[in-house]
Amino acid sequence: MVDSFKYDRDDWRWLKRFWSYAFGHTANMPKQGRLNAGQKLHHASVMVISGTIVASGLVLWFFMPSLGPTGQAWAAVIHDLSMLALALLLVGHLYFTFV
């Protein structure tokens with residue numbers, strides 16, 4: 001888990017060349033360790049966004065009556081946008097798994 005939040009110079013070089021990797025040009029990518037920078041970023045994003053989904057869901061579940069209409073709307077928007085981001089990460093994960 002710690003590796004997902006530690007980025008070195010090679011990771012930043014890898015991220016600069018992400019688009020060539022995304023289109024299948026992997027020959028000139030910088031050397032990486034056990035995880036490449038894209039995998040680290042994906043894993044870190046999934047952890048943070050999952051925490052946001054859980055936190056906003058708990059707020060909606062337990063504190064909805066005391067939030068008021070504006071608070072309920074904001075909590076629902078945060079919850080929904082976080083879920084959308086997690087779904088998009090899943091699509092990206094599937095793309096890189098099969099391509």
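**Entry 1: Asp-11 and Lys-40**

I began with the side chains of Asp-11 and Lys-40, which meet in a salt bridge at 2.8 Å, N to O. Asp-11 belongs to helix α1 and Lys-40 to helix α3, so the pair ties together parts that are 29 residues apart in sequence. I note here that the model is predicted.

Are the two partners buried or exposed? Asp-11 has a relative accessibility of 3% and counts as buried. Lys-40, at 11%, counts as buried too. The cut-off I used for buried is under 20% relative accessible area. Side chains of opposite charge can pair when their charged atoms come close.

**Entry 2: the other salt bridge**

How many salt bridges does the structure hold? I found 2. Besides the pair in the entry above, Arg-13 and Asp-10 join their side chains in a salt bridge, with 1.9 Å from N to O. Both of these residues lie in helix α1, and they are 3 residues apart, about one turn of the helix.

I looked up the exposure of this pair as well. Arg-13 is partly exposed, at 38% relative accessibility. Asp-10 is also partly exposed, at 26%.

**Entry 3: how α1 meets α3**

I then turned to the two helices that Asp-11 and Lys-40 join. Helix α1 covers residues 9-16, and helix α3 covers residues 37-98. Their axes come within 8 Å and cross at roughly 90 degrees. That crossing makes α1 roughly perpendicular to α3.

Which residues make the contact between α1 and α3? From α1 I listed Asp-11, Trp-14 and Leu-15. On the α3 side they meet Ala-37, Gly-38, Lys-40 and Leu-41. Asp-11 and Lys-40 are thus named in this contact as well as in the salt bridge.

**Entry 4: Ile-53 and Ser-82**

Next I went further along α3, to Ile-53, which is found in that helix. Ile-53 counts as buried, with 14% relative accessibility. What does Ile-53 touch, not counting residues up to four places away in sequence? I found His-79, Ser-82, Met-83 and Leu-86.

I also took a distance back to the salt-bridge residue Lys-40. Ile-53 and Lys-40 are 13 residues apart in sequence, and their C-alpha atoms are 20 Å apart in space.

Ser-82 was the next stop, and its place is in helix α3. At 10% relative accessibility, Ser-82 counts as buried. Again not counting residues up to four places away in sequence, Ser-82 touches Ile-49, Thr-52 and Ile-53.

**Entry 5: Ser-56**

Ser-56 lies in helix α3 and is buried, with a relative accessibility of 8%. Leaving aside neighbours within four places in sequence, I found Ser-56 in contact with Ala-75, Ile-78 and His-79. His-79 is thus a contact of Ser-56 and also of Ile-53.

How many residues separate Ser-56 from Ala-76 in sequence? The count is 20, and from C-alpha to C-alpha the two are 7.5 Å apart in space.

**Entry 6: Leu-60**

Leu-60 lies in helix α3 as well. Its relative accessibility is 17%, and it counts as buried. Not counting residues up to four places away in sequence, Leu-60 touches Gln-72, Ala-75, Ala-76 and His-79. I took one distance here: Leu-60 and Ala-73 are 13 residues apart in sequence and 9.7 Å apart in space, C-alpha to C-alpha.

**Entry 7: Leu-94 and the nonpolar patch**

I finished at the surface. A nonpolar surface patch of about 960 Å² is made by Trp-19, Phe-23, Leu-90, Leu-94, Tyr-95, Phe-96, Phe-98 and Val-99. Which helix gives the most to this patch? Helix α3 does, with 5 residues.

I picked Leu-94, one of the patch residues, for a separate check. Leu-94 is found in helix α3 and is partly exposed, with a relative accessible area of 41%. A residue needs over 30% relative accessible area to count towards a patch, and the 41% of Leu-94 is the value I set beside that cut-off. Last, I looked up Leu-94 and Val-54, which are 40 residues apart along the chain, with C-alpha atoms separated by 23 Å.

Definitions and conventions:
Residues numbered from 1 in each chain as written. Predicted model: local features only at pLDDT ≥ 70, side-chain atom pairs only at ≥ 80, totals over all residues. Heavy atoms only, no water. Patch = residues over 30% accessible without salt bridge, like charges linked within 9 Å, V, L, I, M, F, W, Y side chains within 5 Å. Areas by Shrake-Rupley, 256 points an atom, 1.4 Å probe, with all protein chains shown as cover. Salt bridge = Lys/Arg side-chain N within 4 Å of Asp/Glu carboxyl O. Helix = DSSP H or I, 4+ residues; strand = E, 2+ residues; numbered from the N terminus. Buried < 20%, exposed > 50% of the residue type's maximum accessible area, 1.4 Å probe, protein only. Axes fitted to C-alpha atoms, helices over the stretch in contact; angles between N-to-C directions. Parallel < 35°, antiparallel > 145°, perpendicular 65-115°, else oblique. Contact = heavy atoms within 4.5 Å.
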